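Here is a set of exercises to work through with the model open beside you. Each one gives a task and then a solution in steps.

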Amino acid sequence: VTPGPPEGSRLERAAQLEGARGGEHEDNVSRLRSSSLEIREKGSEILREQLDAAQKELKLKDKECERLSQIRDQLEQELEELTASLFEEAHRMVREANVKQATAEKQLKEAQGKSDVLQAEVSALKTMVLTSTPSSPNRRAHPQLLSPGTRSRGSSPHHGGGHARNKSASGALPLAPGGHSDLPSDLQPVREDKEMDSILYAEFLTWKNRPSLDRSSAFLVRIYREDIGPCLSFTRSELSQSVQSAVENNSLTIEPVAMSALSMVKANAIECGGPKKCALSGISRSCKHQIKLGDEESYYYISPSSRARITAVCNFFTYIRYIQQGLVRHDAEQMFWEVTRLRREMTVAKLGFYLTDQE
């Protein structure tokens, strides 16, 4: 039997072991404390970082809210301005509409008044046409047909000293009510019969369906060739063409010499003729009338024969203008015979027959 260690050594060893265990515990506690501190520090850092991020985000949100608030205020201001401008524009449009409506109503009333006047004039013109034709003119409705002495005695003071415009005056052998011309009894036929030419009548009907003053129809081409051209063919060809153009445009004026003022433009006697010389034919004759072409200021003296030829053509153009305007209320056959009679007037005037004023 070996002897055991002494009792004192065992106690020391136990004490050392207990001390070692206590030191180890303290080390564990210190390590735990340091770990917890580290964890707290890291947690606080994370929390601070999150707090900083949240604060930055809040600042951004505040800036965004401020920007949106400014945009809202600006939009509200623009909306108010737009509303005000819209109301102002609406009021302006209403005022303009009221002014336009008042103007339109005024113009409508004026147009209605003019229309009534024109209708009255058309009615009067139709009445005049129905009661006055080139074959039997109504001298009261056409005062230009009266002789200078009669006009001066019966005209009003307003027209007594002025120029008398005569664009369609009759002066080329008007027919008597019986249908015969006022020729001497030895020249008048005992009886006058008439027979319609089918070709001429067909040409007239074609023209009457679409009446026009253009020379595109066979009806007017024939009349220009057979009647108008020869009737207005004078010695002075250039002046003759001007006279024909003025007659076609209804811008020719025939005035008695005694009632006309002297021309403001001084032209030589060869161009305008004179009281004793016709400007168209060049024949020395007593010229009681003078003509004016359109807006020209020169007057041309014409003989009674030249006046009869011009007025015969004027009568023809006046009648076909009435037909074109729908003012003649006759059937086609009556119109054709009236046109034929006017053609005969041009032919007779071309041959040198004419009547002098006896009234």
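## Helix packing and aromatic rings

Helix 6 and helix 8 are roughly parallel to each other, where angles under 35 degrees count as roughly parallel, over 145 as roughly antiparallel, 65 to 115 as roughly perpendicular and the rest as oblique. The model is a predicted one, in which local features need pLDDT of at least 70 and side-chain atom pairs count only at pLDDT 80 or more, while totals for chains, interfaces and linings use all residues. Residues are numbered from 1 along each chain as its sequence is written, and side-chain values use heavy atoms, with hydrogens and water left out.

**Exercise 1. Find the angle and the contact residues behind the packing of helix 6 and helix 8.**

Step 1. Helix 6 and helix 8 pack at an angle of about 30°, and their axes are 10 Å apart. Axes are lines fitted to C-alpha atoms, for helices over the stretch in contact, and angles run from 0 to 180 degrees between N-to-C directions. Helices (H or I, at least four residues) and strands (E, at least two) are DSSP runs, numbered from the N terminus.

Step 2. The crossing of helix 6 and helix 8 is right-handed. A crossing is left-handed if the near helix is turned anticlockwise from the far one by less than a right angle, and right-handed if clockwise.

Step 3. On the helix 6 side, the contact (heavy atoms within 4.5 Å) is made by Val243, Val247 and Glu248. Helix 8 brings Ile310, Val313, Cys314, Phe317 and Arg321.

**Exercise 2. Describe how helix 8 and helix 9 cross.**

Step 1. The axes of helix 8 and helix 9 come within 8 Å and cross at roughly 165°.

Step 2. Helix 8 and helix 9 are therefore roughly antiparallel to each other, and their crossing is left-handed.

Step 3. Residues of helix 8 that meet helix 9 include Ala308, Ala312, Phe316 and Ile323. Among the helix 9 residues that meet helix 8 are Met335, Val339, Leu342 and Met346.

**Exercise 3. Work out how helix 4 meets helix 9, and which aromatic pair links them.**

Step 1. The axes of helix 4 and helix 9 come within 11 Å and cross at roughly 110°. Helix 4 and helix 9 are therefore roughly perpendicular to each other, and the crossing is right-handed.

Step 2. Leu200, Tyr201, Phe204, Leu205 and Lys208 of helix 4 make the contact with Ala332, Glu333, Met335, Phe336, Val339 and Arg343 of helix 9.

Step 3. Now turn to the rings. A pair of aromatic rings is described by the distance of the centres and the angle of the planes. Rings of Phe, Tyr and Trp (its six-membered ring) pair if their centres lie within 6.5 Å; planes under 30 degrees apart count as stacked, over 60 as edge-to-face and the rest as tilted. By this rule the count comes to 8 aromatic pairs. One of them is the tilted pair of Phe204 and Phe336, at 5.9 Å centre to centre with 55° between the planes. This pair links distant parts of the chain, with Phe204 in helix 4 (residues 198-209) and Phe336 in helix 9 (residues 332-350), 132 residues apart.

Step 4. Phe204 is buried at 0% relative accessibility, and Phe336 is buried at 5%. Buried means under 20% relative accessible area, exposed over 50%, partly exposed in between (1.4 Å probe, protein chains only).

**Exercise 4. Classify the ring pair of Tyr224 and Phe317.**

Step 1. The ring centres of Tyr224 and Phe317 are 6.2 Å apart and the planes stand at 65°, so the pair is edge-to-face.

Step 2. Tyr224 lies in helix 5 (residues 218-231) and Phe317 in helix 8 (residues 304-324), 93 residues apart.

Step 3. Tyr224 is buried, with a relative accessible area of 10%, and Phe317 is buried, with 3%.

**Exercise 5. Which charged residues lie over the faces of Trp337 and Tyr224?**

Step 1. Here is the rule: a charge sits over a ring if NZ of Lys or CZ of Arg is within 6 Å of the ring centre and within 35 degrees of the ring normal.

Step 2. Lys194 lies over the face of Trp337, at 4.7 Å from the ring centre. Arg215 lies over the face of Tyr224, at 3.9 Å from the ring centre.

Step 3. Trp337 also belongs to one aromatic cluster with Tyr201, Phe204, Trp207, Phe219 and Phe336.
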